[in-house]
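Reader: I would like to understand the terms used for this structure. Please explain each one by its definition.

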Amino acid sequence: MIYFEYIKVGEDVAKGICTLCSGNCGIEVMVEDNKVLSVKGDKEHPISKGFTCPKGRALPEMLYAKDRLSCPMKKDENGNWHEISYEEAIDIIVEKFTYLKENFGSESLAVHTGEAGVRKQFSGHVRRFGQAYGTPNQSSAGSHCHLSKEMANKMTVGVLPSADYKNSKCIVLWGYNPMNSRPSQMMDINKAINNGAKLIVVDPQKTYTAKRADVHLQLRPGTDGALALGLIHIIIEEELYDKDFVEEWTVGFDKLVELVKDYIPEKVEKITDVPKELIVEGARIFANNKPGNISPGIAIELLSNGFQTARAISILQAIMGYIDIIGGATMSPPPPLSSLELENVKYNREPIGKSEYPLFCANYNSAQANIFSDAILEDKPYPLKGMMIIGSNPILTWPNVNKLREALKALDFLVVMDNFMTETAKMADIIIPGTFPIERYEIWNGVDSSGDGIVGLAPKLIESKQGISECKFISDIAKGMGLEEAFPWNSDEEAIGYRFQKIGKTFEEMLNMNYGYKYRTFEEKKYTKNGFNTPSKKVEIYSTTLEKSGYDPLPIYNEPAESPLSTKELAEEYPLVLSTGARYLQYYHSRYRNIESLNGYKSQEEVAKVKINPQIAERKKIKDGDMVKVESLRGSIKLKAEITEDVLPTTALISHGWNDANANELTDNENLDPISGFPPDRALLVKLTSL
Ligand SMILES: Nc1nc2c(c(=O)[nH]1)N[C@H]1C(S)=C(S)[C@@H](COP(=O)(O)OP(=O)(O)OC[C@H]3O[C@@H](n4cnc5c(=O)[nH]c(N)nc54)[C@H](O)[C@@H]3O)O[C@H]1N2
Ligand SMILES: Nc1nc2c(c(=O)[nH]1)N[C@H]1C(S)=C(S)[C@@H](COP(=O)(O)OP(=O)(O)OC[C@H]3O[C@@H](n4cnc5c(=O)[nH]c(N)nc54)[C@H](O)[C@@H]3O)O[C@H]1N2
Ligand code: SF4
Ligand SMILES: [Mo]
């Protein structure tokens, strides 16, 4: 077995890569008799340099968790589970998928990979299976993560840039808190701050990071677009922008001047609740400490106005000329790997969401999963009868879960592949136990300290005793359905090896490069050669692509669909603005509440909390730790109150991912962003009552 060659540092310490999150930290793994004993950081790794977070170090606990699924299971008519053989599971799935295709058309099956599939080999296999089977309804965590800001940036500057923190003089963390969500990046951020870089944080919460900032713009959730236009207003009014860059490399600047004319600090303060003096100070600091960059987080995407907000932020960075330069926002193409997409696929129907979100669905050849419930329950635009969900727990992560639960119940057939019996897995007809990353090969990529792009192969370090390889599972269903032509590989190794063909490397060569292969050296201002990757080859402040699709070509601000300003009457009954989902370091969405060291050896009831300001607590006679009810138009949940000055009196915050206090019972799948279809998880109206 190839992977044993890997166990070569000393006798039993293998070098690997943690791919539990996109940090891709280098790890040293103690392995004995195919069992992982411990995980620690690999100091020689060129990007992570020895860093690991508690999740990575808890890998052994995850692998050997008592409640880990270990056998395929089938649910009977009475709702009881029975262990079945893998072969039997494949036969049932093949039979059901064939039935759906013959009776309702291929589009009646949706295949979804969640966050656990992001940048993983198996998500490509799942899409490929969908293409071979003939369903356009392939979806991913991209229905509510990353792709909205990626598409907004693509349409504006040609690509989603990434911040070069180390060399920056002004770092803006905008609805982004890497301290919890991408801790390995804090090394570079801290280095820059120690070298005198300014830090601006835009966050409704006084996070630890916000407390360290030079300027903390503590805004009302969902008003980020207005704040961005306000900052642009000051930068233009005080002529702080990069005039040469704007002149030569942008289109629509004159229209931007017109758009932001009204966004004077007084007006922006009224919308955002951020004191006007701070807005002015923030704009000046950002413009006068060159080069700067802005990292927009998920918070600005999970809004009913998220797409245009992402555009406004992208434009704010661009008019400073901070793009594609060292210390600014660097533009790096992804590693050029061979694609797993099948060519020339024709479908009978458009994917679900294509008529509502045509640009999103066309850009990503995907369905928009947030409206699957409508297809299942109301046959809109046509019936959806079956789903295969791999590496996702929609019951805890998709918006408006009460409706989603009804929808999943109404399906003819649901297959879930997971490592644990999640709330979603409980609703399945068939469950297949999955693997963890170090039980399989994975491709990783990152940027090293010189800004060079690296792609690598994360080795498989142990053979899974319980789980089935996700790629093998997909390939076995495809073969069962006579679609083997689309899956010509004899093993997972062969399939991964195929991906490296385009860079001229073999599987074995990649496996022998512990620290990856440098596929690109960093080069500044590439746009001066070929222009930006937009139709006009310039930064499109005014986007004709948006205009042609009937959207506003400028980064306009609309109030959140539910807000004290847009729905005044509703706000009288539901007066608090709720933002859901801010990350905790030790959890990953709905994951790891069962991992004792990560959950602090506590029950969910003890740790699930809503953060509220002392003023609200006093008014409602709530003490810290009291149980409260939080209610929106969609549903209500009960959990403990955490009383903290870190949130404004107008705002409440709840993380998502707790089975018994599921924030997504409150969220909305109707007022989705009109361009991306992303859910407004970060700005809802709720009321709070003490229990
Ligand atoms: N430990 C851990 N790491 C993760 C994840 C995880 O679940 N756990 N998830 C991964 C994934 S898939 C993603 S997408 C990323 C997300 O990671 P980030 O982009 O960092 O997102 P969050 O931590 O959810 O939110 C960042 C901040 O946004 C603030 N916020 C809330 N509402 C608003 C708002 O309306 N406007 C603004 N400006 N800020 C707001 C919150 O208070 C929070 O401090 O993290 C990834 N990393
Ligand atoms: N209210 C609210 N909702 C949100 C968000 C928010 O901020 N607020 N954030 C959204 C965002 S950005 C995202 S990305 C989504 C994520 O939403 P999901 O994609 O549903 O993410 P998870 O809850 O992590 O579910 C992943 C599941 O995969 C399983 N798993 C983990 N690793 C593997 C593996 O290797 N193989 C297999 N087969 N299974 C595996 C885990 O046990 C877990 O049950 O949530 C979204 N939902
Ligand atoms: S930050 Fe933690 S979970 Fe993410 S790759 Fe590094 S060790 Fe793994
Ligand atoms: Mo995400």
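The exchange below concerns cavities, a ligand and a barrel.

Author: This is a predicted model, in which local features need pLDDT of at least 70 and side-chain atom pairs count only at pLDDT 80 or more, while totals for chains, interfaces and linings use all residues. Residues are numbered from 1 along each chain as its sequence is written, chains are lettered from A and ligands numbered from 1 in the order in which they are written, and side-chain values use heavy atoms, with hydrogens and water left out.

Reader: What makes a space in this structure a cavity?

Author: On a 1 Å grid over the protein atoms alone, a cavity is a set of points where a 1.4 Å probe fits but cannot get out. Grid points are joined across faces, edges and corners, and the volume is the space filled by probe spheres set on the points. Six cavities of 30 Å³ or more are found here, and the largest has a volume of about 110 Å³. Its lining holds 13 residues, of which Cys18, Cys21, Cys25, Cys53 and Gly56 are the closest to its centre; a lining residue has an atom within 4 Å of a point.

Reader: How do you know where ligand 3 sits?

Author: A molecule sits in a cavity if more than half of its atoms lie within 2 Å of the grid points of that cavity. The space taken by ligand 3 is the largest cavity. Residues around ligand 3, with a heavy atom within 4 Å of the molecule, include Cys18, Cys21, Cys25, Cys53, Lys55 and Pro183.

Reader: Why does the shell around ligand 3 count as having one charged residue?

Author: Asp, Glu, Lys and Arg count as charged; Ala, Val, Leu, Ile, Met, Phe, Trp, Tyr, Cys and Pro as nonpolar; and the others, Gly among them, as polar. By this rule the shell divides into six nonpolar, four polar and one charged.

Reader: Which element gives the most to the lining of the second largest cavity?

Author: The second largest cavity has a volume of about 70 Å³. Helix α14 gives the most to its lining, with four residues; helices (H or I, at least four residues) and strands (E, at least two) are DSSP runs, numbered from the N terminus.

Reader: What makes β24 and β27 paired strands?

Author: Two strands pair if DSSP finds at least two bridges between them. Four bridges join β24 to β27, which run antiparallel, so the condition is met. Within β27, Lys687 is the bridge partner of Glu631. Both strands belong to a closed barrel of six strands, β22-β26-β23-β25-β24-β27, with mixed pairing.

Terms used: 1 Å grid on protein atoms, 1.4 Å probe; cavity = no way out; pocket = protein on both sides within 12 Å on 5 of 7 lines; lining within 4 Å.
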